[in-house]
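Welcome, and please get your viewer ready. We will move through the structure one selection at a time, pausing at each stop to see what is there.

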Amino acid sequence: MLQDLLGLSHWQPAFAQPVTRLGAGGVRVYENVHTQQGETDWQVAIDQLEAALTQQTSFNGFVDTSLVSSSQIERTLSAGTTSPATNLEDLFNKLRALSANPGNGASLKSAVTSAQAVSSAFNSASASLSQLRGGLDSSITSTVGQINAIAQQIAGLNGQISTLTSQGVSPNSLLDQRGQLVNNLAKLVDVQVQNGNNGQINIIVSGAALVAGTQSVGLTAGGDALGAATVSVAGTDTPLSISGGQLGGFLSQRNQTLADFQARLDSLARQVAVSFNAVQSTGAGSNGGFTELYQTVCVKPSTGLVNRGFRKYQ
């Protein structure tokens, strides 16, 4: 709460409007009279500022998390001696050299070695993305745990604040403590704060009540049938649409950014494999056609495949 964070929870502003009356000797005197409307306007302004602050805090958490995760993915797939892109470029150079001199044994061996390096690069990149996915899954689970812990603390403070308020005691220190917890929670997930009775507040996350008065409802991390990470209210199977805070950033990177990179990597590897198989299935080797297979690989029923794995009879 903004009042709590700024230490203003005990301060009541004086809203007034000028009125006049006739004083002694008929002199017009100006006075200030407090109005209920002024106090209402003040509370509306505070609520709007609090909502804006909470939203900005959640957005900052989302952006910070997304940037860190995106940098990790970029480093995994960036150009380097072990990256698929670098190894593919080397393979194409070796194949061009081999095509210029098909009978050169050294060029053939170099091309085969380069092809093996490409395969290793794809496997390594895929393994690295899987490792990043596991790290994001752990971060999602950990963040959900932090959210649940803070929600329980806020619910507990709601009870204490309500009790003191009903007794006519000002719970200033508890309000400050709760305000800081709300700010911490907003860093983790996009929340909406609603005022309740006797100084209590309710916390809403993606339309679900995380805190309702003195009660808190836990969130759980899981996954759907398609392999996407999900977060839902404990005891339910309906995923929440979380788009803010660190949790929103983790979910976005896990289910969208990382999944997109993995799909593109798989597609590229598939295209490379299909292209090489298409060339081999023509059956045109450096010394002519092949007549017999000695490995169980189905190809076009012409003269067989080329190079390694097939025997040519004289």
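In what order do the four strands of the open sheet lie? Before you look, keep in mind that this is a predicted model. The order is β3-β4-β5-β6, and the pairing is antiparallel.

**Stop 1: the open sheet**

Select residues 192-195 and then 215-216. These are β3 and β6, the edge strands of the sheet, and each of them pairs on one side only. Now add residues 201-205, which form strand β4. Four bridges link β3 and β4 in the antiparallel sense. For one example, pick Q192 and look for its bridge partner in β4, which is I204.

While the strands are on screen, here is a general point to remember: in a regular strand, side chains alternate between the two faces of the sheet.

**Stop 2: two helices across the sheet**

Next, show residues 105-166, which make up helix α4. This helix lies across β4, β5 (208-212) and β6, and it runs at about 50° to β5.

Then show residues 172-188, which are helix α5. Across which strands does α5 lie? They are β3, β4 and β5, and the helix runs at about 5° to β4.

Stay with α5 for a quick check of its length. Its 17 residues, at 1.5 Å a residue, should span 24 Å, and the C-alpha atoms at its ends are 25 Å apart, which agrees. Among the buried residues of α5 are L174, L181, V182, L185 and L188, and R178 and N183 are buried too.

**Stop 3: the largest nonpolar core**

Which residues have the most contacts inside the largest nonpolar core? Select L185, L210 and L247 to see them; the core has 45 residues. Several elements give two or more residues to this core, including α3 (84-100), α5, β5, β8 (229-233) and α6 (245-280). Helix α4 gives the most, with 15 residues. As a general rule, nonpolar side chains in soluble globular proteins tend to be buried together.

Zoom in on L210. Leaving aside residues up to four places away in sequence, L210 touches a group that includes I147, A151, L185, I203 and V205. Q215, S216, V217 and L219 are also among the residues it touches.

**Stop 4: the hairpin**

Move on to residues 219-223, which are strand β7. Five bridges join β7 to β8, and the two strands run antiparallel. To see one of these pairs, select A221 and its bridge partner in β8, V231. Together β7 and β8 form a hairpin with five residues between them. In the turn, click on G227, which has a positive phi of about 95°.

Is β8 largely enclosed or largely open? Five of its five residues are buried, so β8 is largely enclosed by the rest of the structure.

**Stop 5: the salt bridges**

How many salt bridges does the structure hold? There are three, and you can visit each in turn.

- Select D90 and K94, whose closest N and O atoms are 3.3 Å apart. They sit four residues apart in helix α3, which separates them by about one helical turn. D90 is partly exposed, with a relative accessible area of 30%, and K94 counts as partly exposed at 26%.
- Select R254 and D137, whose side chains meet at 2.8 Å, N to O. R254 lies in helix α6 and D137 in helix α4, so this pair ties together parts that are 117 residues apart in sequence. R254 counts as buried at 10% relative accessibility, while D137 counts as partly exposed at 29%.
- Select D260 and R264, which meet at 3.2 Å, N to O. Both lie in helix α6, four residues apart, about one turn of the helix. D260 is partly exposed, with a relative accessible area of 38%.

**Stop 6: two serines**

Select S139 in helix α4. With 24% relative accessibility, S139 counts as partly exposed. Now add F250: the C-alpha atoms of S139 and F250 are separated by 7.1 Å, although the residues are 111 apart along the chain.

Finally, go to S83, in the loop between α2 (36-77) and α3. Is S83 buried or exposed? It counts as buried, at 3% relative accessibility. Not counting residues up to four places away in sequence, S83 touches L77, S78 and A121.

Notes: Residues numbered from 1 in each chain as written. Predicted model: local features only at pLDDT ≥ 70, side-chain atom pairs only at ≥ 80, totals over all residues. Heavy atoms only, no water. Pairing = 2+ DSSP bridges. Contact = heavy atoms within 4.5 Å. Axes fitted to C-alpha atoms, helices over the stretch in contact; angles between N-to-C directions. Core = buried A, V, L, I, M, F, W, Y, C linked by side-chain atoms within 4.5 Å. Buried < 20%, exposed > 50% of the residue type's maximum accessible area, 1.4 Å probe, protein only. Expected span 1.5 Å × (residues − 1). Salt bridge = Lys/Arg side-chain N within 4 Å of Asp/Glu carboxyl O.
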